[in-house]
Amino acid sequence: MEIPYTVDIREDTGLTSPKLGIWLFLASEVMLFGALFSSYILLRVGSTAWPVQSEEVNVLIGTVNTMVLIASSVTMVMAWASLKMNNFENFRVYLASTIFLALVFLIIKVFWEYIPKLQHGHDPSTNNFYALYFTMTGLHALHILGGIIVNAYFLIPGAKMWKSNPEQFTNRIEIAGLYWHFVDLVWIFLFPTIYLL
Amino acid sequence: MESTTVEEIRKHTWVYLTVFGGLAMLTVLTVAVASLEMAVGLGVTVAMIIAALKGSLVASFFMHLISEKRVILVILIFTFIFFVLLIAFPLSDFLDNAGKPNVP
């Protein structure tokens with residue numbers, strides 16, 4: 001049975017169902033990360049001593065990773081725009097670039113941040129700052145990993161749909177892009193909160 | 001996003017690249033401002049204003065909210081209200097009890 005409104009617009013919402021679905025999902029994600037930001041504020045405001053964050057984490061690494069993630073957002077939206085312009089080859093290049101940049105982000109995070117910190121004995125049990133640092137950036141990193149898996153699917157096995165139903169495939173990339181930009185958006189707020197304040 | 005003509009999309013690609021330039025500059029600005037000596041409250045305010053500006057650029061142009069349907073904007077307005085409550089309620093409770101002894 002064919003799933004309705006994956007390409008056609010519903011009259012009542014003016015949207016396709018996947019687009020409404022992803023926005024509702026992102027709304028729930030706002031509350032998930034919002035709870036962590038709320039915890040951060042409460043724990044920091046309520047603490048009698050808090051480490052100087054910019055001395056605990058590497059600001060340069062955080063800045064580089066911010067640039068990497070912003071660049072991946074651009075390649076993601078360019079992948080979608082390429083499909084809109086019927087240029088499948090460019091789409092593949094841009095989506096592969098998005099995946100590559102996401103992997104660079106994770107590699108930097110794991111090998112230049114997490115592992116050295118753990119080797120120096122800084123783990124989530126060290127203090128409230130490190131508990132929040134690992135929880136918030138760890139949850140964000142899991143979202144990056146999820147995005148890589150989805151995008152890798154669309155790059156290789158899922159790309160077959162471009163031949164059979166190009167409009168639906170383009171919509172799928174738009175939905176995956178909305179998720180990816182949201183992950184970028186979360187990092188835009190995480191970066192100053194964890195690295196700079 | 002409803003614009004479908006190739007020419008329109010081609011114009012949008014220039015917008016995306018311009019937004020990327022803006023986001024990169026704002027990132028550098030965030031780091032530069034954070035390195036200045038200023039009061040904690042002022043530093044937090046400035047950092048969050050710049051982050052909000054960057055977030056608006058991503059949401060408006062990459063996520064196409066600038067031309068999105070009303071129903072999505074309504075969902076996001078509700079989300080924003082609940083997000084503010086999520087931050088404000090615990091914080092106001094904490095501030096109300098600031099300085100009072102902890103009673104088990």
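Begin by selecting E68(B) and K19(A) in this predicted model, whose side chains meet in a salt bridge with a nitrogen-to-oxygen separation of 2.9 Å. With that pair on screen, widen the selection to the whole interface of chain B and chain A, across which the rule finds one salt bridge. In this interface, 45 residues of chain B are in contact with 47 residues of chain A. The size of an interface is often given as the accessible area lost when the parts come together. For chain B and chain A, the buried area is about 4000 Å², with 85% of it on carbon and sulfur atoms.

Next, colour chain A by secondary structure, which shows seven helices and zero strands, so that the order of elements from the N terminus reads α-α-α-α-α-α-α. If you turn chain A along its principal axes, the C-alpha trace spans about 60 × 35 × 25 Å.

Now move to the largest pocket, which holds about 1200 Å³ of space. To centre the view, select F37(A), F189(A), M48(B), F80(B) and F83(B), the closest to the pocket centre of the 34 residues that line it. The elements that give two or more residues to this lining are α1 (17-46) and α7 (166-196) of chain A, together with α2 (40-62) and α3 (70-96) of chain B. Which of the elements gives the most to the lining of the largest pocket? Select α1(A), which gives the most, with 12 residues. Colouring the lining of the largest pocket by residue class divides it into 27 nonpolar, five polar and two charged residues.

Keep the largest pocket in view and colour chain B by domain, with domain 1 covering 1-68 and domain 2 covering 69-104. Each of these two domains of chain B supplies at least three residues to the lining of the largest pocket. The C-alpha centres of domain 1 and domain 2 of chain B lie 25 Å apart, and the contact takes four residues from domain 1 and five residues from domain 2. Between these domains of chain B the buried area is about 360 Å², of which carbon and sulfur atoms give 64%, and the count of salt bridges between them is zero.

The second largest pocket, with a volume of about 510 Å³, is the next stop. Of the 22 residues that line the second largest pocket, those closest to its centre are S54(A), L196(A), L197(A), A34(B) and L36(B), which make a convenient selection. Here α2 (53-56) of chain A, together with α1 (6-34) and α2 of chain B, are the elements that give two or more residues to the lining. By class, the lining of the second largest pocket has 15 nonpolar, five polar and two charged residues.

Finish at the largest cavity, which has a volume of about 60 Å³; the count of cavities of 30 Å³ or more comes to one. To display the lining of the largest cavity, select M76(A), V77(A), W80(A), I173(A), E174(A), G177(A), L178(A) and H181(A), and add F62(B), M63(B) and H64(B) from the other chain. Both α3 (59-84) and α7 of chain A supply at least two residues of this lining, and α7(A) gives the most, with five residues. Coloured by class, the lining of the largest cavity shows seven nonpolar, three polar and one charged residues.

Notes:
Residues numbered from 1 in each chain as written. Chains lettered and ligands numbered in written order. Predicted model: local features only at pLDDT ≥ 70, side-chain atom pairs only at ≥ 80, totals over all residues. Heavy atoms only, no water. 1 Å grid on protein atoms, 1.4 Å probe; cavity = no way out; pocket = protein on both sides within 12 Å on 5 of 7 lines; lining within 4 Å. Points joined across faces, edges and corners; volume = space filled by probe spheres on them. Helix = DSSP H or I, 4+ residues; strand = E, 2+ residues; numbered from the N terminus. Nonpolar A, V, L, I, M, F, W, Y, C, P; charged D, E, K, R; others polar. Domains from an automatic or database assignment. Contact = heavy atoms within 4.5 Å. Buried area = accessible area lost by both parts, 1.4 Å probe. Salt bridge = Lys/Arg side-chain N within 4 Å of Asp/Glu carboxyl O.
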